[in-house]
Amino acid sequence: MNQQTAPIGVLVSPVTPLQQNCTIVWCTKTLKAAVIDPGASAQALYAEIQRRGLTLEAIWITHGHLDHAGGAQDLQEISGVEIIGPHKADLFWIEAIPEQGQKWGLPDARSFTPTRWLENGDALTLGETRWEVYHCPGHTPGHVIFFNREARFAQVGDVLFQGSVGRTDFPQSSHEDLVNSIVGRLWPLGDDVTFIPGHGPHSTFGHERRSNPFVGDAVVKSRNMNGNISGPS
């Protein structure tokens with residue numbers, strides 16, 4: 001987007017061997033920034049924020065998986081800012097981050113205690129911008145997404161991807177809940193919304209409604225008629 005006229009700036013910086021889309025967002029008027037899902041590389045992320053002349057105000061977490069949240073504690077200690085989110089239903093995932101880090105080759109991943117848990121319908125401010133919070137369980141029970149209505153932009157973590165949806169083979173995951181979150185909470189935000197997923201390229205809700213093989217409109221209509229659809233594990 002044209003950052004001279006847009007209300008927000010966006011920088012995507014993939015982190016960890018899983019190439020998780022850590023996203024830096026900021027208010028273009030005040031240059032106040034938030035880091036969404038710092039899975040790792042806290043020092044490098046903070047250095048880039050400073051290099052761009054931004055002021056880090058908060059760390060926002062979509063869900064408790066280590067590739068999204070394993071660097072939050074380090075970034076908090078470097079910067080002194082609050083960790084906000086996810087929904088409290090993901091506490092068990094946050095507590096498991098060190099164990100998961102050992103399993104997946106990220107031994108420096110750390111658990112943390114959020115300053116604030118988030119609920120569906122909450123709102124966050126960043127400079128002069130307002131961000132809406134939607135609880136979107138399914139991939140994890142406490143997953144949330146962040147939406148800036150003015151910019152028509154969302155960071156959706158691992159709920160939705162270009163051409164795919166989040167895995168639901170984890171403890172307390174639910175494919176039915178995931179589909180309901182996407183159809184019931186993401187699609188009503190508008191086809192023109194551009195979203196950054198937790199991994200891979202960006203897309204729009206409209207494009208996914210037309211073409212996504214798991215939650216596109218035609219697939220959802222068929223599911224409603226036939227009773228079920230299947231997605232990736």
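This is a stop-by-stop tour of a predicted model, with a selection to make at each stop.

**Stop 1: the first core**

Start with I24, V35 and F112. Of the 26 residues in the largest nonpolar core, these three touch the most other members. Next, colour the elements that build this core: β1 (8-15), β2 (20-27), β3 (32-36), α1 (42-51), β4 (55-60), α2 and α3 (72-79) each supply at least two of its residues. Among them, α1 gives the largest share, four residues.

Now keep V35 selected and show its surroundings. Leaving aside residues up to four places away in sequence, V35 touches C22, T23 and I24, then L45 and I49, then L56, A58, I59 and W60, and finally L75.

**Stop 2: the second core**

Select C136, V156, L160 and V193. They are included in a second core of 20 residues, separate from the one before.

**Stop 3: aromatic rings**

Show the aromatic side chains. The whole structure contains seven aromatic pairs. Pick W131 and F153, whose rings meet edge-to-face, with 6.2 Å from centre to centre and 90° between the planes. W131 sits in strand β7 (residues 129-135) and F153 in strand β9 (residues 153-157), so this pair ties together parts that are 22 residues apart in sequence. Both W131 and F153 are buried. Add W60 and F146 to the selection: ring pairs link these two with W131 and F153 into a cluster. W60 has appeared already, as one of the residues that V35 touches.

**Stop 4: the largest pocket**

Select L18, H65, D67, R167 and F170. Of the 17 residues lining the largest pocket, these lie nearest its centre. The pocket volume is about 450 Å³. To see where the lining comes from, colour α2 (66-69), α5 (97-103) and β11 (164-165), the elements that give two or more residues to it. Helix α2 also supplies at least two residues of the largest nonpolar core. Colouring the lining by residue class gives seven nonpolar, six polar and four charged residues.

**Stop 5: K103**

Stay with helix α5 and select K103, which lies in it. Is K103 buried or exposed? K103 has a relative accessible area of 60%, over the 50% cut-off, and therefore counts as exposed. For a sense of distance, draw a line from the C-alpha atom of K103 to that of C27: the two are separated by 37 Å and lie 76 residues apart along the chain.

**Stop 6: backbone exceptions**

Most residues other than glycine have a negative phi, and most peptide bonds are trans. The next three selections depart from this pattern.

- Select G85 and P86. The peptide bond from G85 to P86 is cis, with omega near 0°. P86 is in the loop between β5 (82-84) and α4 (91-95).
- Select L31, in the loop between β2 and β3. L31 is not a glycine, yet its phi is positive, about 65°. Its relative accessibility is 34%, so L31 counts as partly exposed.
- Select D37, in the loop between β3 and α1. D37 is again a residue other than glycine with a positive phi, near 60°. With 0% relative accessibility, under the 20% cut-off, D37 counts as buried.

The loops holding L31 and D37 both adjoin β3: one runs between β2 and β3, the other between β3 and α1. These three elements are among those that each supply at least two residues of the largest nonpolar core, where the tour began.

Key: Residues are numbered from 1 along each chain as its sequence is written. This is a predicted model: local features need pLDDT of at least 70, side-chain atom pairs count only at pLDDT 80 or more; totals for chains, interfaces and linings use all residues. Side-chain values use heavy atoms; hydrogens and water are left out. On a 1 Å grid over the protein atoms alone, a cavity is a set of points where a 1.4 Å probe fits but cannot get out, and a pocket is an open set with protein on both sides within 12 Å along at least five of seven lines; lining residues have an atom within 4 Å of a point. Grid points are joined across faces, edges and corners, and a volume is the space filled by probe spheres set on the points. Ala, Val, Leu, Ile, Met, Phe, Trp, Tyr, Cys and Pro count as nonpolar, Asp, Glu, Lys and Arg as charged, and the others, Gly among them, as polar. A nonpolar core is a set of buried Ala, Val, Leu, Ile, Met, Phe, Trp, Tyr and Cys residues joined through side-chain atoms within 4.5 Å. Buried means under 20% relative accessible area, exposed over 50%, partly exposed in between (1.4 Å probe, protein chains only). Contact means heavy atoms within 4.5 Å. Rings of Phe, Tyr and Trp (its six-membered ring) pair if their centres lie within 6.5 Å; planes under 30 degrees apart count as stacked, over 60 as edge-to-face and the rest as tilted.
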